[in-house]
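Please study the structure shown below before attempting the exercises. Each task is followed by a solution in steps.

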Amino acid sequence: MKYSIIIPVFNRPDEVDELLDSMTRQTCRDFEVIIVEDGSERDCREIVEKYNGTLDVHYHTKPNSGPGQSRNYGAERAHGEYLIVLDSDVVLPPGYMQSVDDELTRKPADAFGGPDCAHPSFTDTQKAISYSMTSFFTTGGIRGGRKKLDKFYPRSFNMGIRRDVYMRLGGFSRMRFGEDIDFSIRIFKAGCSCRLFPEAWVWHKRRTDLRKFFRQVYNSGIARINLYKKYPESLKPVHLLPAVFTVGVAALVLTSAVGRVLMHYDSTDRWYWLCAAPWLPILTYCTVIFADSVRQYRSARIGCIAIAAAFTQLVGYGSGFISAWWKRCVMGHDEFSAFEKNFYK
């Protein structure tokens, strides 16, 4: 068998149903599916059993230990030459496996990954969140975009690796967040070949509202500092941009507030510029996000939500980054995460 698809699951039976259904439509079928139930209260056993006659699917349960250790559990029970790691909240287009196979046939690789996008059936909020996580104007295209500010690191929502390389590197670490980037860093440090497969993309649901999205990106900001403490060379200028954005927006809003106070105590309009000018760069950025997201989705509503999602993504990540930098780099605390218990619910 050439491919083993490993999917850790935590309280997501409906998502697993959609993902497995999309696998029945793959044009390349040389794969097995390994579902690892990570201590869920709502398991997906009955869902998996529906596909026993259609897919080569294997169901395992274990106590909760996080997605990284669950992937390792599945890898130990896999038989494929390549392991493909997916999150349970993705759906595969019919040509996904064929695209992976075509790329590996054209030029072998030790590890690889693909981009993600929003399915037409996703809610407007999910599409806006997808935009904020994939746009060059928010993340610099580092999650698989053709234009990017840093090299591509495979991420666990859509990641593949030779099984022998996986075992040699010890799989995913015990980090609760950022474990996929940690693994990708170790792949590169080991001298393994790693490529972006641009046509091997997935539909990725992500979070369903901005509050959950904030929790996700806040933890991602923390994870970046945790990764920096392990691999100082991994911190690149692009990773600092959300923190700079967060501080910059806060400074602009504060400056405007000071201008408003001065106008209140001064009968002239000489402080008006101090009140209004700080909003110009913010409004300019909002205009760019709105125009680009409307161009992509042809929807003004999604464009408006995309503005909120972009600020949530950048400020959430930036806040987590700054908090972790203060606690770990200044105060000397150990590795930590913020929303660990309820993040995956």
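The exercises that follow concern a predicted model.

**Exercise 1. A helix and its cover**

Task: Determine how many of the residues of helix α3 (residues 67-75) are buried, and state which elements cover them.

Solution.
Step 1. A residue is called buried when its relative accessible area is under 20%.
Step 2. By this criterion, the buried residues of α3 are Pro67, Gly68, Gln69, Ser70, Arg71, Asn72, Gly74 and Ala75.
Step 3. That makes 8 of the 9 residues, so helix α3 is largely enclosed by the rest of the structure.
Step 4. The cover over these buried residues includes the strands β1 (3-9), β2 (31-38), β3 (57-62) and β4 (82-86), together with the helices α7 (163-169) and α8 (179-189).

**Exercise 2. Salt bridges**

Task: State how many salt bridges the structure holds, and examine the pairs formed by glutamate 18, arginine 162 and aspartate 182.

Solution.
Step 1. Side chains of opposite charge can pair when their charged atoms come close.
Step 2. The structure holds 18 salt bridges.
Step 3. In one of them, the side chain of glutamate 18 meets that of lysine 205, with an N to O distance of 2.1 Å. Glutamate 18 belongs to helix α1 (residues 13-23), while lysine 205 is in the loop between β10 (202-204) and α9 (210-230), so this pair ties together parts that are 187 residues apart in sequence.
Step 4. The accessibility of the two partners is then compared with the cut-offs: glutamate 18 has a relative accessible area of 39% and is partly exposed, whereas lysine 205, with 12%, is buried.
Step 5. Arginine 162 forms a salt bridge with aspartate 164, and their closest N and O atoms are 3.3 Å apart. Arginine 162 is partly exposed at 23%, and aspartate 164 is partly exposed at 45%.
Step 6. Aspartate 182 and arginine 186 are joined by a salt bridge of 3.1 Å, N to O. Both residues lie in helix α8, 4 residues apart, which is about one turn of the helix. Aspartate 182 is buried, with a relative accessibility of 0%, and arginine 186 is buried as well, at 18%.
Step 7. Salt bridges with shared partners also join Arg71, Asp87 and Glu179 into one network.

**Exercise 3. A proline in a loop**

Task: Is proline 108 buried or exposed, and with which residues outside its neighbours within four places in sequence is it in contact?

Solution.
Step 1. Proline 108 is located in the loop between α4 (96-106) and β6 (111-113).
Step 2. The cut-off for an exposed residue is a relative accessible area over 50%. Proline 108 has 60% and therefore counts as exposed.
Step 3. Once the neighbours within four places in sequence are set aside, proline 108 is in contact with Ser193 and Arg195.
Step 4. Between the C-alpha atoms of proline 108 and cysteine 194 the separation is 9.4 Å, although these residues are 86 apart along the chain.

**Exercise 4. A nonpolar surface patch**

Task: Identify which residues make the nonpolar surface patch and which helix contributes the largest share.

Solution.
Step 1. The patch covers about 570 Å² and is made by Val247, Ile322, Trp325, Trp326, Val330 and Met331.
Step 2. Helix α13 (residues 300-330) supplies the largest share, 4 residues.
Step 3. Isoleucine 322 is located in helix α13. With a relative accessible area of 30%, isoleucine 322 is partly exposed.

How values were computed
Residues are numbered from 1 along each chain as its sequence is written. This is a predicted model: local features need pLDDT of at least 70, side-chain atom pairs count only at pLDDT 80 or more; totals for chains, interfaces and linings use all residues. Side-chain values use heavy atoms; hydrogens and water are left out. Patches are made of residues with over 30% relative accessible area and no salt bridge: like charges are joined within 9 Å, nonpolar side chains (Val, Leu, Ile, Met, Phe, Trp, Tyr) within 5 Å. Accessible areas come from the Shrake-Rupley method with a 1.4 Å probe; for residues, only the protein chains shown count as cover. A salt bridge is a side-chain nitrogen of Lys or Arg within 4 Å of a carboxyl oxygen of Asp or Glu. Helices (H or I, at least four residues) and strands (E, at least two) are DSSP runs, numbered from the N terminus. Buried means under 20% relative accessible area, exposed over 50%, partly exposed in between (1.4 Å probe, protein chains only). Contact means heavy atoms within 4.5 Å.
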